[in-house]
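This report describes selected local features of one protein chain. The sequence and the structure are displayed below, and the account then proceeds by region.

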Amino acid sequence: MKEFAPPPPRADGRVNLVGLSRDDLEAEVARAGLERFRARQLWHWIYHRGATDFAVMSTLAKGVRETLANLYVIDRPTAVKDLKSEDGTRKWLARMPDGQEIETVHIPEEDRGTLCVSSQVGCTLTCRFCHTGTQRLVRNLDATEIVGQVMLARDHLDEWPAPPDGRMLSNIVMMGMGEPLFNYANVAKALKIVMDGEGIAISKRRITLSTSGVVPMMKQCGAELGVNLAVSLHAVNDELRDRIVPLNRKYPIKELMQACRDYPGLSNARRITFEYVMLKGVNDSLADARELVRLLRGVPAKINLIPFNYWPGAPFECSTDEQITKFADFVNNAGYASPVRTPRGRDILAACGQLKSESTKPTAQARIAALEAHKALQAEYAAQVAEKEAGLAATGTL
């Protein structure tokens, strides 16, 4: 498919070494007629020191550096915009060599710094509360472009080589644009490079991959990568989830929850995070909280409650603080940690669900249609909640 085509090769024929595995690097130095050990030297300079110019690689002879410069480059995506929120969050609009653009976000906190990395240009999914879902899928990112986002952030944070402690970039979440498990091969290759202890060296314990529920790939991800898993749930019944997370029509909640129970390495010490965006009058009732607790029974889990972050033309509103607190208290009291995520970077559209690399202004007709769709969904939801709660009251379980 054209949408999944990789970026074209460079016009000058040189190969970008960023995103190549150790085996790939060994193959390239052999092609260049160099000794095999040069691959390890290159790995150190590229992924530990952050070098972008062969001339600075002082452990390589001048002739070797010249040979490498004739055949290869060490490129990252270009940051065409660098936006900083009033809360310290930074968002880079990163442009690829073919002109395609994605967004990458750094969220600083007192004890860590998290980079939100994209896996696709646009998104193949159409989750109704997500801004990225309004942008058509253009193509997958390759491993070069995924690793390149981490390196771009390190460049801008001036963090080469990375300090052993107190890193500004200490954690990675595959929660940017795109569905990572629909681009698994490239994501896996990139994360293996990021986790390598002699390079960027971010532990798998500090990496979280978020999926909307690509059930067939979840077990493979856990077995091969061993990273933390986050599942974008957002609804507790198939009828609603079919509408706001359309992937549910292919992999319904029952199948998704079984895949969660089967996730390799799952334990009380290593829980799955379920992401649940709070939509006013859509999925935020106490009946929903009760059903959520029932769904998670037997799964080591925590729930991130995410206040909905508005974007232009969005068909939803955020639940009230009071309702979010009631929902969180119920789930907490049932034994599941349910922190409410503090929105970060809203003022630069860098918060959860706000990323989009195309700037589009919705028409008045589109805004009216979105509002009418939202009202219809709220009315339908209110009727369902009233019916469910009436049934619970009749049985004495409310």
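## S210 and its surroundings

In this predicted model, S210 makes contacts beyond its neighbours within four places in sequence with M174, M175, E179, P180, A230, S232 and E275. S210 is part of strand β10, which covers residues 207-211. With a relative accessible area of 9%, S210 falls under the 20% limit and is therefore buried.

UniProt, in an unreviewed entry, lists S210 under "binding site", together with G178, E179, S232, L233, H234 and N309. Two of these listed residues, E179 and S232, also appear among the contacts of S210. N309 is placed in the loop that joins β13 (301-307) to α10 (321-333). Its relative accessibility is 3%, so N309 counts as buried.

## P180

P180, one of the contacts of S210, lies in the loop between β9 (171-174) and α5 (184-195). P180 has a relative accessible area of 2% and is therefore buried.

When residues up to four places away in sequence are not counted, P180 touches S119, M174, V187, L209 and S210. M174 thus appears in the contact list of P180 and in that of S210. The C-alpha atoms of P180 and V117 are 9.8 Å apart, although 63 residues separate the two along the chain.

## The annotated cysteines

A further "binding site" listing in the unreviewed UniProt entry names C123, C127 and C130. C127 is found in the loop between β7 (120-121) and β8 (139-140), and C130 is likewise located in the loop between β7 and β8.

The relative accessible area of C127 is 11%, so this residue is buried. C130, at 19% relative accessibility, still counts as buried because the limit is under 20%. Leaving aside neighbours within four places in sequence, C127 is in contact with S212, I244, V245 and P246.

## Helix α4

Helix α4 comprises 14 residues (143-156), which at 1.5 Å a residue should span 20 Å; the end C-alpha atoms are 20 Å apart, so the two values agree. The helix bends by about 25° at Q149.

Twelve of the 14 residues of α4 are buried, and the helix is therefore largely enclosed by the rest of the structure. The buried residues include Q149, the site of the bend, and R154. The charged end of R154 sits over the ring of W160, at 5.4 Å from the ring centre.

## Aromatic pairs

Three aromatic pairs are found in a search of the whole structure. One of them is formed by W43 and Y47 in an edge-to-face arrangement, with 4.6 Å centre to centre and 65° between the planes. W43 and Y47 both belong to helix α2 (residues 38-48), where they are four residues apart, about one turn of the helix. An α-helix has 3.6 residues a turn, so residues three or four places apart point the same way. Both W43 and Y47 are buried. The face of W43 is also covered by R22, which lies 4.5 Å from the ring centre.

F308 and F316 form another edge-to-face pair, with 6.3 Å centre to centre and 80° between the planes. F308 counts as buried because its relative accessibility is 4%, and F316 counts as buried because its relative accessibility is 3%.

How values were computed: Residues are numbered from 1 along each chain as its sequence is written. This is a predicted model: local features need pLDDT of at least 70, side-chain atom pairs count only at pLDDT 80 or more; totals for chains, interfaces and linings use all residues. Side-chain values use heavy atoms; hydrogens and water are left out. Rings of Phe, Tyr and Trp (its six-membered ring) pair if their centres lie within 6.5 Å; planes under 30 degrees apart count as stacked, over 60 as edge-to-face and the rest as tilted. Helices (H or I, at least four residues) and strands (E, at least two) are DSSP runs, numbered from the N terminus. Buried means under 20% relative accessible area, exposed over 50%, partly exposed in between (1.4 Å probe, protein chains only). A charge sits over a ring if NZ of Lys or CZ of Arg is within 6 Å of the ring centre and within 35 degrees of the ring normal. UniProt positions are given in the numbering used here, feature names are shortened, and annotations may be inferred rather than shown by experiment. Contact means heavy atoms within 4.5 Å. The expected span of a helix is 1.5 Å times one less than its number of residues. The bend at a residue is the angle between axes fitted to the seven residues ending there and the seven starting there.
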